[in-house]
Amino acid sequence: MIEVRPGGRRRIDRVLGEDYTSGIDQMPLTELRDRRDEAAQEETDLSFLRRMLHARIDIVRAEQTRRASGGQHSVVDQLTAILAKNAIHTPARPGRHQPMEPTRTGECRRQVESLIADAGLTDVESLSDDALAEGLDAYLTEEASVSGRRQQVQAVVDRLNAEITSRYAAGHASVDELLATERGDQL
């Protein structure tokens with residue numbers, strides 16, 4: 001479960017802190033953009049963690065299906081097809097474009113692996129049916145937690161983007177200023 005610690009130092013603690021978007025109508029545009037970018041990076045990292053959990057969920061479900069149907073091919077032999085199936089299905093809701101790369105891949109991987117210390121990708125076949133069911137339940141619980149936090153972070157990104165957009169619409173910001181800032185020009 002991803003817990004948010006008020007006053008914590010982690011990025012998620014800051015982004016989901018009560019004061020992160022308070023007073024945004026008074027913030028300088030550069031600070032708004034910095035906060036939006038920080039929140040967007042958190043969303044990217046949560047999305048990466050969520051994708052890792054979905055892969056683990058798909059592998060455990062594939063092993064359960066293999067056992068129930070008496071399949072002869074191991075999950076390892078089917079791994080490419082299992083993971084590709086998740087990658088090509090049509091999502092229930094369209095995703096958000098994320099131009100950033102995840103920054104905490106190692107941390108995410110350790111978090112997922114710590115859920116079920118003895119259920120690595122290479123030995124799901126050696127686990128009992130009960131252990132597989134427990135593993136699936138743990139992955140599903142964590143995925144629900146990550147998805148919930150991701151939605152909260154998306155709401156923060158949306159609030160910040162709305163404020164930035166409203167400034168452009170009202171003429172309080174300009175594309176020329178943005179380009180100059182991006183180039184590092186002195187204003």
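Arg 67 and Asp 129 meet through their side chains in a salt bridge, 2.6 Å from N to O. This is a predicted model, so please hear every distance today as computed from it. The pair links distant parts of the chain: Arg 67 sits in helix α2, Asp 129 in helix α5, which covers residues 129-170, and 62 residues separate the two. Arg 67 is partly exposed, at 24% relative accessible area. Asp 129 comes out at 53%, and therefore counts as exposed, the cut-off being over 50%.

Next, what else belongs to this group? Salt bridges with shared partners join Arg 67 and Asp 129 with Glu 63 and Arg 66 into one network. Within that network, Arg 66 and Glu 63 form a salt bridge between their side chains, with N and O 2.8 Å apart. Both residues belong to helix α2 and are 3 residues apart, about one turn of the helix. Arg 66 and Glu 63 are both buried.

As background, side chains of opposite charge can pair when their charged atoms come close.

How many salt bridges does the structure hold? The count is 11. Another one to look at is Arg 11 with Asp 45, where the closest N and O atoms are 2.3 Å apart. Here too the pair links distant parts of the chain, with Arg 11 in helix α1, Asp 45 in helix α2, and their positions 34 residues apart. Are these two partners buried or exposed? Arg 11 has a relative accessible area of 16%, so it is buried, under the 20% cut-off. Asp 45 is at 0%, and so counts as buried as well.

Staying with helix α1, which runs over residues 11-15, we come to Asp 13. Asp 13 is buried, with a relative accessibility of 4%. Its side chain makes a polar contact of 2.7 Å with the side chain of Arg 10. Setting aside neighbours within four places in sequence, Asp 13 is in contact with Glu 3, Val 4, Arg 5 and Gly 8.

Last residue: Ala 62, back in helix α2, residues 29-69. Ala 62 has 17% relative accessible area and is buried. What does Ala 62 touch, not counting residues up to four places away in sequence? The answer is Val 75 and Ile 82. For Val 75, the separation from Ala 62 is 13 residues in sequence and 6.8 Å in space, C-alpha to C-alpha.

To return to the start, the network to find on the screen is Glu 63, Arg 66, Arg 67 and Asp 129.

Terms used
Residues are numbered from 1 along each chain as its sequence is written. This is a predicted model: local features need pLDDT of at least 70, side-chain atom pairs count only at pLDDT 80 or more; totals for chains, interfaces and linings use all residues. Side-chain values use heavy atoms; hydrogens and water are left out. Helices (H or I, at least four residues) and strands (E, at least two) are DSSP runs, numbered from the N terminus. Buried means under 20% relative accessible area, exposed over 50%, partly exposed in between (1.4 Å probe, protein chains only). A polar contact is a pair of N or O atoms within 3.5 Å; within protein, one must be able to donate a hydrogen and the other to accept it, and residues adjacent in sequence count only if both atoms are side-chain atoms. Contact means heavy atoms within 4.5 Å. A salt bridge is a side-chain nitrogen of Lys or Arg within 4 Å of a carboxyl oxygen of Asp or Glu.
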